[in-house]
Amino acid sequence: MSGLVLKLAPGERVVINGATLENGDKASSLRVTDGDARVLRCRDALRPDEVNTPVKQVYYAIQLLITGDLEEENVLEALGKECDALEDVFATIDPRMIPVLRKMIDRGNYYSALCHLKHIVSLEAELLRHGELMSERKVA
């Protein structure tokens with residue numbers, strides 16, 4: 001049987017189709033066999049105060065789609081425009097990075113999109129750090 005397998009730590013929470021589930025006292029695995037299920041590990045969720053970059057804005061919007069706090073018809077067009085802007089930035093690093101993300105979003109595969117975005121968030125942080133270092137050097 002295929003599907004997404006989540007390994008959960010004791011007490012770990014996960015949101016599936018808008019319902020928050022909490023694991024018991026022992027580590028366990030949970031198989032989500034419905035390919036259309038919307039899954040979010042609570043440990044992967046961003047808090048609103050952490051949404052301070054363009055990539056994190058996309059991540060957070062997808063997170064809100066998963067939790068049901070945003071509806072696709074109200075956000076997918078805006079997400080497409082944000083992906084266009086991100087594609088311009090990240091094309092020199094990996095020209096496939098944002099098109100892959102866009103395909104995941106278009107298919108409604110939001111969990112995979114968040115997993116993919118984690119890597120992009122790391123790259124964005126690295127680029128921002130590099131930009132700050134370059135600015136400090138110019139000032140000094």
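Let's start with a word we'll need all the time: a residue is buried if its relative accessible area is under 20%, exposed if over 50%, and partly exposed in between, using a 1.4 Å probe and protein chains only. You're looking at a predicted model, where local features need pLDDT of at least 70, side-chain atom pairs count only at pLDDT 80 or more, and totals for chains, interfaces and linings use all residues. Residues are numbered from 1 along each chain as its sequence is written, and side-chain values use heavy atoms, with hydrogens and water left out.

**Exercise 1. Work out the overall layout of the chain.**

Step 1: Find the helices (DSSP runs of H or I, at least four residues) and strands (runs of E, at least two), both numbered from the N terminus. You should get four helices and five strands.

Step 2: Put them in sequence order, and the pattern reads β-β-β-β-β-α-α-α-α.

Step 3: Look at the extent. The C-alpha trace spans about 55 × 35 × 25 Å along its principal axes.

Step 4: Check burial. Of the 140 residues, 32% are buried.

**Exercise 2. Decide how far α1 is enclosed, and check its length.**

Step 1: List the buried residues of α1: V55, V58, Y59, Y60, A61, I62, Q63, L64, L65 and I66.

Step 2: Draw the conclusion. Since 10 of the 14 residues are buried, α1 is largely enclosed by the rest of the structure.

Step 3: Go from the first C-alpha of α1 to its last, and you cover 20 Å, close to the 20 Å expected at 1.5 Å a residue. That expected span is 1.5 Å times one less than the number of residues.

**Exercise 3. Describe how α1 and α2 pack.**

Step 1: Take α1 (residues 54–67) and α2 (residues 72–90). Their axes are 10 Å apart and make an angle of about 155 degrees. Here axes are lines fitted to C-alpha atoms, for helices over the stretch in contact, and angles run from 0 to 180 degrees between N-to-C directions.

Step 2: Name the arrangement. Angles under 35 degrees are roughly parallel, over 145 roughly antiparallel, 65 to 115 roughly perpendicular, and the rest oblique. So α1 and α2 are roughly antiparallel to each other.

Step 3: Find who touches whom, with contact meaning heavy atoms within 4.5 Å. From α1, P54, V55, Q57, V58, A61, I62 and L65 meet E72, V75, L76, L79, E82, L86 and F90 of α2.

Step 4: Sort these by class, and you get 11 nonpolar, one polar and two charged residues. Nonpolar covers Ala, Val, Leu, Ile, Met, Phe, Trp, Tyr, Cys and Pro; charged covers Asp, Glu, Lys and Arg; the others, Gly among them, are polar.

**Exercise 4. Compare burial around the two ends of α1.**

Step 1: T53 sits in the loop between β5 (39–41) and α1. With 9% relative accessibility, T53 counts as buried. Setting aside neighbours within four places in sequence, T53 is in contact with E124 and L128.

Step 2: T67 belongs to helix α1 and is partly exposed, at 23% relative accessible area. Leaving out neighbours within four places in sequence, T67 is in contact with V15, G18 and L40.

Step 3: G68 follows α1 and has a positive phi, near 85 degrees. At 51% relative accessibility, G68 counts as exposed.

**Exercise 5. Explain what catches the eye at N17.**

Step 1: Locate N17 in the loop between β2 (13–16) and β3 (19–22).

Step 2: Recall the background: most residues other than glycine have a negative phi.

Step 3: Now check N17, which isn't a glycine but has a positive phi of about 50 degrees.
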